[in-house]
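Morning, everyone. I have one structure to show you today. Please look at the screen.

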Amino acid sequence: MTILAQPMTVLVALVVLATGCAPDARTGRDAGTDPGVAIGLPRAQADAEATEPPEPEPTPEPRGTEDWRVSRPSYRGEVAAYTTHASGVPGTQLGLKVSTTEGGWEAAAFRIGSYEGGTGAFVWESGFRRGRRQPAPRWSSYERRTVVAPWERDLTVDTSTWTPGFYVFRLRTDTGWETQVPYVVSSESARGTVALVAPVTTWQAYNEWGGYSLYAGANGDAPSHAVSFDRPYNGATGANDYRTAAIPVVVRAERTGVPLSYFTNVDLHTTPGALAGARGYVSMGHDEYWTNTMRDVVMGARDAGTNLAFLGANTMYWRIRLEPGSEGPARVVVGYRHSAHLDPLYAQGSVDATALFREPPVPRPEHDLLGMQYECYPVDADYVVATPGWWGFRGTGVRRGTHVHGLVGPEADRVYPDGRLPRPLQVLSHSPYSCRGVTTTTQSVYYTAGSGAGVFAAGTLRWGCAMVDRCERPLGARTLEFTRTVTGTLVTEFARGPVGTRHPAHDNVAQFDLSPVNTVPAS
């Protein structure tokens, strides 16, 4: 057995700061069978001879670190892993499955947030584990080209002491190769909170681990018609844009100090009452793939007074279904993206057929919820302010015509002024660009619903990555501060209840030359 060249060590002081208690001194367990060292064990009991119990000590705030990031990413299978759940409430017994070409590995989990010292708080570590190479990818469905990793569970993580939030597992081999796995500890209720929702179905749709995604097939083969959560994300950091879209929103939202709750969009599908009583809902990043249930849950929340923010573009573009996998319900994303007519439900005219929401067999255009529709890729343009007095721009110093450098891209949305457009709707930005030889525009918008809810749609995929200036190209400090300020204002105002009652939208759609149909040729 190869011993770790640089084993993970956690100073007792760091554990105390990160958890508010000292770890249990467990010894004598074999590293290959120990289910993990839980952080957050009870404090030692007071001295039995004391005549009066001591005053309870205040629990220190967790200490932050950046140790959750990877410095030597594994791209060739040196280490890969996935969890048996994308999310779960505290107490979920979470399986971790790992494959490595190296002698051994260790895992640590961090809760992402706004902490003194860094953006991740250490909560758990596995200890050293002997490595093994797990079986090669296989198809669970030949017809739909669905790839799974038929791996055995390496350990079970008890999340009983974990608070709701966005988490990252960082795995490191004895030779220093690293990878990450995202996980959400879901809230049991969103009541009175702003709900942050991770779009995990979109992450999975783009996941090419094993050679197949909803977009591509290995060696020129056709793409999958269904993709599984029962496999790692491809690449060392995986999961499409969770680092550059979801995590920046989480950190900024936690910095506001308002009550928050956490979910994945799969949670909205499996628990339709998840958003009951929520004051706000935030879609974090690229949120393209929705079920009908997800859509109904979010629309129902809006109609009950929950404010909505869509911090991305190309949102709710494709309708999908969720099916069970080997690890439980809602583990397979079904989407006949390239061949909608091959979906067995398409010929039946079913509302659950996987196609664009705006197309047959049952058209439900996305802009009746978003206020906009996806129009074009690729896009690279400045965000041009049209309504500087909007309350969400407070503190940014923008004026009419201000250019926020490079904020629009690589996909963008536009207002389609037809009978389904929610009104009153206020155009906040109006940015011209050329897409595939056609001059068009993109917007960000705000509208208010009859319930008093306010709805903001950013209309660009760069909103999240701009908050940390880690987009596909540098955008600069001014763009970073703009997106951070607006996001903080949205979350803070959302937490006060239906924002439309305080800040009603002022309809200005007629001031802009906008076609009710897409004029850009399909790619």
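I will go through the overall fold, three helices, one asparagine and then the cavities.

First, a caution. This is a predicted model. Please keep that in mind throughout.

Let's start with the whole chain. The chain has 523 residues, and buried residues make up 57% of them. It holds 8 helices and 29 strands. How do the contacts spread along the sequence? Take contacts between residues at least 6 apart in sequence: 73% of these join residues at least 24 apart.

Now the helices. Start with α3, residues 242-256. Helix α3 has 15 residues. From first C-alpha to last, α3 reaches 20 Å, close to the 21 Å expected at 1.5 Å a residue. How many residues of α3 are buried? The count is 11 of the 15, so α3 is largely enclosed by the rest of the structure. Look at the run from Ala-245 onward: Ala-245, Ala-246, Ile-247, Pro-248, Val-249, Val-250 and Val-251 are among the buried residues. Charged side chains are on that list too, including Arg-252 and Glu-254. After α3 comes Gly-257, with a positive phi near 80 degrees.

Next, α5, residues 292-303. This one has 12 residues. Its end-to-end C-alpha reach is 16 Å, close to the 16 Å expected. The buried residues of α5 include Met-294, Val-297, Val-298, Met-299 and Ala-301. Two arginines, Arg-295 and Arg-302, are buried there as well. Just after α5, Gly-305 takes a positive phi of about 105 degrees.

Third, α8. What span should its 18 residues give? At 1.5 Å a residue, 26 Å, and the end C-alpha atoms of α8 are 26 Å apart, which agrees. Among the buried residues of α8 are Thr-479, Thr-483, Thr-487 and Thr-489. Phe-482, Phe-494 and Glu-493 are buried too.

Stay in that part of the chain. Asn-508 lies in the segment after α8 (477-494). Is Asn-508 buried or exposed? Its relative accessibility is 8%, and the cut-off for buried is under 20%, so Asn-508 counts as buried. What does its side chain meet? One partner is the side chain of Thr-387, in a polar contact at 3.4 Å. A second is the backbone nitrogen of Val-427, which lies 2.6 Å from a polar atom of the Asn-508 side chain. Leaving out residues up to four places away in sequence, Asn-508 touches Thr-387, Leu-425, Gln-426 and Val-427.

Last topic: the cavities. There are 2 of 30 Å³ or more. The largest holds about 130 Å³ of space. Its lining has 17 residues, and Thr-83, Ala-86, Pro-182, Phe-229 and Tyr-233 lie nearest its centre. Which elements each supply at least two residues of that lining? They are β3 (79-83), β13 (178-185) and α2 (200-206). The largest share comes from β13, with 4 residues. By class, the lining of the largest cavity divides into 11 nonpolar, 4 polar and 2 charged.

The second largest cavity has a volume of about 30 Å³. Lining it are Phe-310, Gly-312, Thr-315, Leu-370, Met-372, Asp-413, Ala-457, Ala-458 and Gly-459. That lining has 5 nonpolar, 3 polar and 1 charged residues.

That's the tour. Questions, please.

Notes: Residues are numbered from 1 along each chain as its sequence is written. This is a predicted model: local features need pLDDT of at least 70, side-chain atom pairs count only at pLDDT 80 or more; totals for chains, interfaces and linings use all residues. Side-chain values use heavy atoms; hydrogens and water are left out. On a 1 Å grid over the protein atoms alone, a cavity is a set of points where a 1.4 Å probe fits but cannot get out, and a pocket is an open set with protein on both sides within 12 Å along at least five of seven lines; lining residues have an atom within 4 Å of a point. Grid points are joined across faces, edges and corners, and a volume is the space filled by probe spheres set on the points. Ala, Val, Leu, Ile, Met, Phe, Trp, Tyr, Cys and Pro count as nonpolar, Asp, Glu, Lys and Arg as charged, and the others, Gly among them, as polar. Buried means under 20% relative accessible area, exposed over 50%, partly exposed in between (1.4 Å probe, protein chains only). A polar contact is a pair of N or O atoms within 3.5 Å; within protein, one must be able to donate a hydrogen and the other to accept it, and residues adjacent in sequence count only if both atoms are side-chain atoms. Contact means heavy atoms within 4.5 Å. The expected span of a helix is 1.5 Å times one less than its number of residues.
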